[in-house]
Amino acid sequence: MYRIKLISVSNNELKNKTLNIYLKNDYYFGKISDTPPTISNVEEDIEIVPSGVQKNQKNYKLISFNDEILGVVDYLIDYPEKNTVLIGLLIIKNNRQKEGIGTKIFRYLENSFKDKNFLKIRIGVLVDNKIALSFWKKQNFKEIERKFLKFQKSEKEVIVMEKEI
């Protein structure tokens, strides 16, 4: 049996733990920026919401798996439409990938969304992020559209995927 906990990033110590996870995920962050992530990036990620979204729709959490902080999840509820959860970021430390942990964490999130009567989960995956595309396809997400989104200083093509739950 395993234990998963979501932890609010509410102080500098937890922000630094978040930055540590960002720095240990150079595959993803190397795709969106030419420079390594900083504490300012963490603070911006904690606060930023799309136009028209209320702060109480935003959930930005560290992920503890068997009492070890291994990842970060950032999601919006009732976005882009009612009864939909948009996962903006789900990352697991590079050195703990390919162990089935990401799937267990996603199942935990999916079940908690289902328990709260959400009907769909939506994600956006960078076109060139082969690892993430493979992961989300294994979770039965289907492509619904492609669009260009701004990441730090450049625009990147994103595959929008969705799953009914």
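Helices and strands are taken here as DSSP runs, numbered from the N terminus, and with that in mind the tour can begin at asparagine 140, which lies in the loop between α5 and β6 (142–151). The model on screen is a predicted one.

With asparagine 140 selected, check its backbone: phi is near 70°, a positive value in a residue other than glycine. Most residues other than glycine have a negative phi, and most peptide bonds are trans. Asparagine 140 has a relative accessible area of 46% and is therefore partly exposed, since that class lies between the 20% limit for buried and the 50% limit for exposed.

Next, move to the loop between β3 and β4, where asparagine 83 is found. Phi of asparagine 83 is near 65°, again a positive value in a residue other than glycine, and with 27% relative accessibility this residue counts as partly exposed. Stay in the loop between β3 and β4 and select proline 80, which is also placed there; the peptide bond that joins tyrosine 79 to proline 80 is cis, with omega about 5°.

From tyrosine 79, step across to glutamine 57, since the two residues are in contact. Glutamine 57 sits in the loop between α3 (39–47) and β2. Is glutamine 57 buried or exposed? Its relative accessible area is 13%, which is under 20%, so glutamine 57 is buried. Leaving aside neighbours within four places in sequence, the contacts of glutamine 57 are Gly52, Tyr75, Leu76, Ile77, Asp78 and Tyr79. Show its side chain as sticks and follow it to the backbone nitrogen of glutamine 54, which it reaches at 2.8 Å.

Tyr75, one of those contacts of glutamine 57, is also in contact with isoleucine 87, so select isoleucine 87 next. Setting aside neighbours within four places in sequence, isoleucine 87 is in contact with Val73, Asp74, Tyr75, Phe106, Phe113, Ile121, Arg122, Ile123, Gly124 and Trp136. Within the largest nonpolar core, which has 25 residues, the members that touch the most others are Ile87, Leu90, Ile105, Phe113, Trp136 and Met161. At least two residues of this core come from each of β2 (58–65), β3 (68–77), β4 (84–92), α4 (101–115), β5 (120–126), α5 (130–138) and β7. Colour α4 separately, as it supplies the largest share of the core, five residues. Another core, of 19 residues, lies apart from this one, and its members include Tyr22, Phe29, Leu89 and Phe151.

Phe151 leads on to the second largest pocket, whose lining consists of Gly30, Lys31, Ile32, Ser33, Asp34, Thr35, Phe151, Gln152, Lys153, Ser154 and Lys156. The elements that give two or more residues to this lining are α2 (26–32) and β7 (154–164), and α2 gives the most, with three. How many of the lining residues are nonpolar, polar and charged? Two are nonpolar, five are polar and four are charged. The space in this pocket comes to about 190 Å³.

For a last stop, select lysine 15 in helix α1 (residues 12–23). Apart from neighbours within four places in sequence, lysine 15 is in contact with Val9, Ile39, Val42, Glu43 and Ile46. A distance drawn from lysine 15 to valine 49, C-alpha to C-alpha, spans 18 Å, while the two are 34 residues apart in sequence.

Methods. Residues numbered from 1 in each chain as written. Predicted model: local features only at pLDDT ≥ 70, side-chain atom pairs only at ≥ 80, totals over all residues. Heavy atoms only, no water. 1 Å grid on protein atoms, 1.4 Å probe; cavity = no way out; pocket = protein on both sides within 12 Å on 5 of 7 lines; lining within 4 Å. Points joined across faces, edges and corners; volume = space filled by probe spheres on them. Helix = DSSP H or I, 4+ residues; strand = E, 2+ residues; numbered from the N terminus. Nonpolar A, V, L, I, M, F, W, Y, C, P; charged D, E, K, R; others polar. Core = buried A, V, L, I, M, F, W, Y, C linked by side-chain atoms within 4.5 Å. Buried < 20%, exposed > 50% of the residue type's maximum accessible area, 1.4 Å probe, protein only. Contact = heavy atoms within 4.5 Å. Polar contact = N/O pair within 3.5 Å; in protein donor to acceptor, adjacent residues only side chain to side chain.
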